[in-house]
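Q: Got a minute to go through this one with me? Let's start with the basics.

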Amino acid sequence: MRIALFQPDIAGNVGAILRLAACMAVPVEIIEPCGFIFDDKRLKRAAMDYGPLADMRRHVDWQAFQTFRHSIGARLILMSAHAPASIYRTEFRDTDILMMGSESAGVPPHVRDACDLATTIPMAPGLRSLNISVATGIALGEALRQTRHLGDA
């Protein structure tokens, strides 16, 4: 399982996701350009001392990420508020990459079209979206619940 962040805008969200990824031992793929300077102190503040523990790879652009993804044979699952399928009806695989769009714009059509599947987190009627780091935690939790034996802790 991996997390991919498509052109993230907010350093604090990326830091929180890096912390999540470190704690859950899940690699993170950052697809640039980012909407902030990557060594921004807000990124470090949100990741705290977990940032250096995260397995993170930066890709200079979408094409570089696609080359990487195809080299490992991973299925790309887009998390989208507009997807018809619920994460609770999605069958995840341990080799999947969960892709989150940028906070301000999501993903462009060519990226959406390149995804193997799009799924959503069901929410109360009339509400449009969750914070990206919260949504990543929910989606990753469901995907790991399905694909890893996490014990009864």
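A: Sure. First, how elements are named: helices and strands are DSSP runs, numbered from the N terminus, with at least four residues for a helix and at least two for a strand. Also, this is a predicted model.

Q: Good. Where does Met 123 lie?
A: In the loop between β7 (117-120) and α5 (132-147).

Q: Is Met 123 buried, exposed or partly exposed?
A: Partly exposed, because its relative accessibility is 30%.

Q: Which residues form the nonpolar patch on the surface?
A: Met 123 is one of them. The others are Tyr 88, Leu 127, Leu 130, Val 134 and Ile 138. Together they have about 510 Å² of accessible area.

Q: Now α5. How far does it reach from its first C-alpha to its last?
A: 22 Å, over 16 residues. That is close to the 22 Å expected at 1.5 Å a residue.

Q: Which residues of α5 are buried?
A: Ile 132, Ser 133, Ala 135, Thr 136, Ala 139, Leu 140, Glu 142, Ala 143 and Leu 144.

Q: And what covers them?
A: The cover includes β1 (2-6), α1 (11-24), β4 (76-79) and β6 (97-100).

Q: On to packing. How many residues are in the largest nonpolar core?
A: 29. Ile 3, Leu 5 and Leu 98 have the most contacts inside it.

Q: Which elements give two or more residues to this core?
A: β1, α1, β2 (28-31), β4, β6 and α5. The largest share comes from α5, with six residues.

Q: What about another core? How many residues has it?
A: 14, and it lies apart from the largest one. Among its residues are Phe 65, Phe 68, Leu 76 and Ile 97.

Q: Back to Ile 3. Which strand is it in, and is it buried or exposed?
A: Ile 3 is in strand β1. It counts as buried because its relative accessibility is 0%.

Q: What does Ile 3 touch?
A: Leaving out residues up to four places away in sequence, its contacts include Ile 17, Ala 21, Val 26, Pro 27 and Val 28. Glu 29, Ile 97, Leu 98, Thr 136 and Leu 140 are also on the list.

Q: How many residues apart are Ile 3 and Ile 17 along the chain?
A: 14, and their C-alpha atoms are separated by 8.8 Å.

Q: Switching to charges. How many salt bridges does the structure hold?
A: Six. One of them joins the side chains of Glu 29 and Arg 57, at 3.1 Å from N to O. Glu 29 is in strand β2 and Arg 57 in strand β3 (residues 56-59), so the pair ties together parts 28 residues apart in sequence.

Q: Are those two buried or exposed?
A: Glu 29 is buried, at 0% relative accessible area. Arg 57 is partly exposed, at 33%.

Q: What does Arg 69 meet in a salt bridge?
A: Asp 116, at 3.0 Å from N to O. That pair links distant parts of the chain: Arg 69 is in helix α3 (residues 62-72), Asp 116 in the loop between α4 (109-114) and β7, 47 residues apart. Arg 69 is buried, at 4% relative accessible area. Asp 116 counts as partly exposed, at 46%.

Q: And Arg 145 with Glu 142, where do they lie?
A: Both are in helix α5, three residues apart, about one turn of the helix. Their side chains meet in a salt bridge at 2.8 Å, N to O. Arg 145 is exposed, at 54% relative accessible area, whereas Glu 142 is buried, at 8%.

Q: Last one. Which residues do salt bridges join into one network?
A: Arg 2, Glu 29 and Arg 57, through bridges that share partners.

Definitions and conventions
Residues are numbered from 1 along each chain as its sequence is written. This is a predicted model: local features need pLDDT of at least 70, side-chain atom pairs count only at pLDDT 80 or more; totals for chains, interfaces and linings use all residues. Side-chain values use heavy atoms; hydrogens and water are left out. Patches are made of residues with over 30% relative accessible area and no salt bridge: like charges are joined within 9 Å, nonpolar side chains (Val, Leu, Ile, Met, Phe, Trp, Tyr) within 5 Å. Accessible areas come from the Shrake-Rupley method with a 1.4 Å probe; for residues, only the protein chains shown count as cover. A salt bridge is a side-chain nitrogen of Lys or Arg within 4 Å of a carboxyl oxygen of Asp or Glu. Buried means under 20% relative accessible area, exposed over 50%, partly exposed in between (1.4 Å probe, protein chains only). The expected span of a helix is 1.5 Å times one less than its number of residues. Contact means heavy atoms within 4.5 Å. A nonpolar core is a set of buried Ala, Val, Leu, Ile, Met, Phe, Trp, Tyr and Cys residues joined through side-chain atoms within 4.5 Å.
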